[in-house]
Amino acid sequence: MASEATEPEFVFPDVFSDPERDSFLYGTFPEGFVWSTATASYQIEGAWKEDGKGESNWDAFSHAPNHVKEQHNGDVACDSYHKYKEDVALMKAMGMKHYRFSISWPRILPNGTLSNVNEAGIAYYNNLINELRDNGISPMVTLFHWDLPQALQDVGGWANETVIEHFKDYAELCFQRFGDRVPLWITFNEPWVVSVLGYGLGIFAPGVKEIGTTVYKVSHNMLKAHAQAWHTYDEKYRKYQNGIIGITLNGDFAEPFDRNDPTSVEAADRYLHFHFGWFAHPIFVDGDYPNVMKMKIAEKSSAQGFKTSRLPQFTEAEKAFIKGTSDFFGLNAYTTQYAVASKDGGDSSEPSYFADSDVKNWHDETWPKSGSVWLRVVPWGLRRLLKWIHGQYKAPIYITENGVSTPDVYDLNDVLRQKYYRAYINEVLKAIKVDGVDVRGYTAWSLLDNFEWASGYTERFGLHYVDFNDPARRREAKKSADVYATIVANNGFVRN
């Protein structure tokens with residue numbers, strides 16, 4: 001794999017030292033490759049009830065007891081609502097030409113509908129976009145990164161199909177007010193997380209625990225809302241604004257525990273279809289869910305006494321409307337799992353999305369740990385995931401998040417993160433150069449340490465350290481910011 005006949009170089013030699021799989025590749029990315037870093041509105045903005053902003057479901061969720069570690073919340077977070085110019089300066093210092101951020105729906109539509117448009121919220125995002133552009137940085141804008149107006153949550157949120165039309169209205173308002181300066185839009189960030197963690201396990205907002213039923217209804221509605229936003233942009237704004245619009249999906253790569261065992265190979269593939277395919281197959285393939293999901297969930301629903309499958313059906317018209325509604329595949333990827341076939345509980349057990357797939361998955365204990373229990377460092381998994389997505393969906397790929405957490409300590413020499421970025425980005429280079437995968441961009445998560453959802457401020461993903469005990473929310477660049485900036489400046493990896 002090494003580009004010259006030299007001794008192989010490994011970023012994690014103690015654990016990943018397969019010469020074919022893990023050796024470092026020197027080289028550069030295609031011309032025009034998009035390098036970015038990212039944040040999300042609720043995680044950094046703060047100003048939770050300033051200037052007319054409405055309450056979000058995450059405001060309500062984090063203010064209730066026992067939802068977030070140490071009772072943390074996003075009321076102030078990184079205070080980026082007031083410090084956005086400082087954040088843009090950090091990006092410029094790193095040589096960034098792109099920035100992915102999200103718009104807070106309740107900041108511009110306090111009750112979620114067009115009956116109350118908050119001009120102060122719109123002014124904030126106009127100011128941010130203009131500041132970025134004045135500094136040579138192109139905005140990549142996510143419409144929904146989990147903070148739903150609480151007024152819509154009060155009537156069921158994503159489980160109520162009336163939200164579909166409200167999302168379309170919200171998206172169109174954003175296209176109208178910001179679209180002349182936004183070349184790339186993302187409708188949803190990680191709908192899997194909203195469904196499974198928010199409405200299934202209940203460990204994220206809104207805290208609903210219906211893992212066998214509501215998860216599928218919520219995803220059904222988000223897919224239809226996504227398609228509405230895409231068609232609105234495509235039909236009314238694209239020809240004037242010349243942007244692209246897509247969706248960002250998340251998931252781990254599933255590695256068969258035994259590649260010589262067909263049941264393990266099938267289980268790993270099934271895992272990927274139940275994670276990515278749930279949303280990607282309707283959008284990129286044929287407007288409908290993967291056959292393996294339809295078959296498995298129908299069988300289990302019948303055995304559990306349901307008259308129809310717990311997985312909703314699309315009409316033929318809805319399939320046609322959903323198919324083809326993404327200009328790219330936005331990918332958030334962090335880690336890898338082993339997978340084997342499993343029949344825990346049998347078909348007639350309690351309804352559960354996790355049981356529906358008949359897959360058991362886990363991390364290898366030898367893989368390097370991070371500051372998050374769900375995240376082990378497995379660089380080669382990203383390359384294999386990119387190859388799988390390319391083979392399944394044939395769409396240009398933008399990596400819209402990739403990064404690693406460390407514990408809540410003051411450590412500017414973040415060695416793990418430095419190595420993580422070098423190793424993972426190198427696997428992206430291999431996917432492009434060796435496997436022929438059409439990857440158009442890479443986004444490092446995250447620009448700043450921030451509010452890490454139910455983990456509060458106990459886990460840090462930032463390229464910049466934020467002192468959350470300082471009212472001024474002082475920012476300091478970590479060594480990983482220099483490492484990433486060097487990769488960006490070189491458009492890849494050059495020998496010293």
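The following dialogue discusses how to read a sheet, a nonpolar core and the cysteines of a predicted model.

Me: What should be known about the model before reading it?

Reply: The model is predicted, so local features need pLDDT of at least 70 and side-chain atom pairs count only at pLDDT 80 or more, while totals for chains, interfaces and linings use all residues. Residues are numbered from 1 along each chain as its sequence is written, and side-chain values use heavy atoms, with hydrogens and water left out.

Me: In what order do the three strands of the open sheet stand?

Reply: In general, strands of a sheet pair through backbone hydrogen bonds, either parallel or antiparallel. Strands (E, at least two residues) and helices (H or I, at least four) are DSSP runs, numbered from the N terminus; two strands pair if DSSP finds at least two bridges between them. Here the order is β7-β9-β10, with mixed pairing. The edge strands, β7 (253–256) and β10 (359–362), each pair on one side only.

Me: Which residues stand opposite each other in β9 and β10?

Reply: Strand β9 (residues 336–341) runs antiparallel to β10, and four bridges join them. Tyr338 stands opposite Trp362, and Val340 stands opposite Lys360. On the parallel side, β7 and β9 are paired over four bridges, and Ala254 has Gln337 of β9 as its bridge partner.

Me: Which helix touches β7, β9 and β10?

Reply: Contact means heavy atoms within 4.5 Å. Axes are lines fitted to C-alpha atoms, for helices over the stretch in contact, and angles run from 0 to 180 degrees between N-to-C directions. Helix α12 packs on the sheet and touches these strands, its direction making about 125 degrees with that of β9. Helix α16 (residues 379–393) lies across β7 and β9, at about 100 degrees to β7.

Me: Why is β9 described as largely enclosed?

Reply: Buried means under 20% relative accessible area, exposed over 50%, and partly exposed in between (1.4 Å probe, protein chains only). Five of the six residues of β9 are buried, so the strand is largely enclosed by the rest of the structure.

Me: Which residues have the most contacts inside the largest nonpolar core?

Reply: A nonpolar core is a set of buried Ala, Val, Leu, Ile, Met, Phe, Trp, Tyr and Cys residues joined through side-chain atoms within 4.5 Å. The largest has 154 residues, and Trp158, Trp185, Phe329 and Leu331 have the most contacts inside it. Helix α12 (residues 262–286) gives the most, with 11 residues.

Me: How many disulfides are there?

Reply: A disulfide is a pair of cysteine sulfur atoms within 2.5 Å. The count is zero. Cys78 is buried, at 0% relative accessible area.
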